[in-house]
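Here is a set of questions of the kind a careful reader asks when a term is attached to a part of a model. Each reply sets a value beside the rule that the term stands for.

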Amino acid sequence: MSGLQPLPSPAAVVKKPARRCAEVCLEFLCAESVRLFHEKQSGPAAAAALEAVGFRVGQQLAERYTRDKSRLGDTLEIIKFVCKEFWQALFKKQVDNLKTNHRGVYVLQDNGFRWLQRLSVPAAGSDPAREEAARQVALSYLHLPCGVVRGALCHLGVSCTVEADPKHLPSCTFTVRILA
Amino acid sequence: KISLDKEYSCSLNNSRSKTKLQMSAPTLTFVIVGQEDHPIYEVDLTGPKEQQTQYLHQFVLHSSLDAVDEQMWLSKEPHLKVVDRFNGLNVTAFVTAGNTRFLLLHDGRSDDSIRSFFTEVYELYLRVLLNPFHTPTTRITSREFDRKVKLLAKRLLG
């Protein structure tokens, strides 16, 4: 996210510089929330809880980032908005590759997913078991961004499911399946 | 006897709006309709009214949602001009990207002032939405929001 900036107040006479927050705070928050939900004994499963949190955040962010835009038409335009402006605002870059099978499945590929940058990656060509373990750890960190993407899409009118696949860390693909 | 009185006041209202006497109270009702077509906020900006007028306003606003949908298919602009008319009352609409509709029932205010009113209320609405304690599909019960909307209406819509 581009820092935690409050919306400018319409009645401000003197323009105060927007307040900013270090990005590392967001990274710590994400990591800690994953750990918290995994260690909770009661309540819903960690994956579901993180996805739900991400869903709410995604809805709010979608409303906020479409503020001065005209309404988006069909599903493809909404997905393109998510790939470009939404991703840019959230992860400081755009999605690198977008593929579709024109039948309701879209694959968003991000080489260098920002929220996974801090995850240590086993050296390429090393023990496949270690790579698998790293993949599992990465998956647990991906529930939150999947929820954010799903929340944004659902708020804009595209009812769907989002799955993430960390093939080669830190690059990651998100598969969006439109629910008919 | 009571029912006779109600009929009398209802017909009086209708005749008043048909002849557009300036003595009749100005109409200005604002409604925010959520994604699932339920109202999440309604306010009568010119002060409380009697029950018949309130029902009439509600009915006109909700039946204009179909007209808003039609206009939405025609244009991509968030500001839609007057979408529906009834008996001298107009309904102007504003549609956000998340399919939330702002509807204003008025009796012929200037389009520019309504536009600026909608833009400012949109900012207030965004802040309410960003509140993590507010669910997007429930009613907006914040008194601050209510107070600010009324202030804005007084300032921009007279």
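Q: What is the area buried between chain A and chain B, and which share of it do carbon and sulfur atoms give?
A: The area buried between chain A and chain B is about 1900 Å², and carbon and sulfur atoms give 53% of it; buried area is the accessible area (1.4 Å probe) that two parts lose on being put together, summed over both. The size of an interface is often given as the accessible area lost when the parts come together.

Q: What should be known about the model and its numbering?
A: This is a predicted model, in which local features need pLDDT of at least 70 and side-chain atom pairs count only at pLDDT 80 or more, while totals for chains, interfaces and linings use all residues. Residues are numbered from 1 along each chain as its sequence is written, chains are lettered from A and ligands numbered from 1 in the order in which they are written, and side-chain values use heavy atoms, with hydrogens and water left out.

Q: How many residues of chain A are in contact with chain B?
A: Contact means heavy atoms within 4.5 Å, and 18 residues of chain A are in contact with 25 residues of chain B.

Q: What makes the pair B:E123 and A:R67 a salt bridge?
A: A salt bridge is a side-chain nitrogen of Lys or Arg within 4 Å of a carboxyl oxygen of Asp or Glu. The side chains of B:E123 and A:R67 meet at 2.5 Å, N to O, so the pair satisfies the rule. Across the interface of chain A and chain B the rule finds 2 salt bridges. Helix 2 of chain A gives the largest share of the side of chain A that touches chain B, namely 5 residues.

Q: Why is residues 46-65 of chain A called a helix, and how does its reach compare with the expected span?
A: Helices (H or I, at least four residues) and strands (E, at least two) are DSSP runs, numbered from the N terminus, and helix 2 of chain A has 20 residues. The expected span is 1.5 Å times one less than the number of residues; helix 2 of chain A reaches 28 Å from its first C-alpha to its last, close to the 28 Å expected.

Q: Why is A:Q59 called buried?
A: Buried means under 20% relative accessible area, exposed over 50%, and partly exposed in between (1.4 Å probe, protein chains only). A:Q59 has 12% relative accessibility, and therefore counts as buried. A:Q59 is found in helix 2 of chain A and, leaving aside its neighbours within four places in sequence, is in contact with A:G151, A:A152, A:H155 and B:P136.

Q: Why do A:C21 and A:C25 not count as a disulfide?
A: A disulfide is a pair of cysteine sulfur atoms within 2.5 Å. The closest cysteine sulfur to that of A:C21 is in A:C25, at 4.0 Å, and this is too far for a bond. For A:C172 the closest is in A:C146, at 7.3 Å, again too far. By this rule the count comes to 0 disulfides over all chains.

Q: How do you know whether A:C172 is buried or exposed?
A: A:C172 is at 0% relative accessibility, so it counts as buried, whereas A:C21, at 34%, counts as partly exposed.
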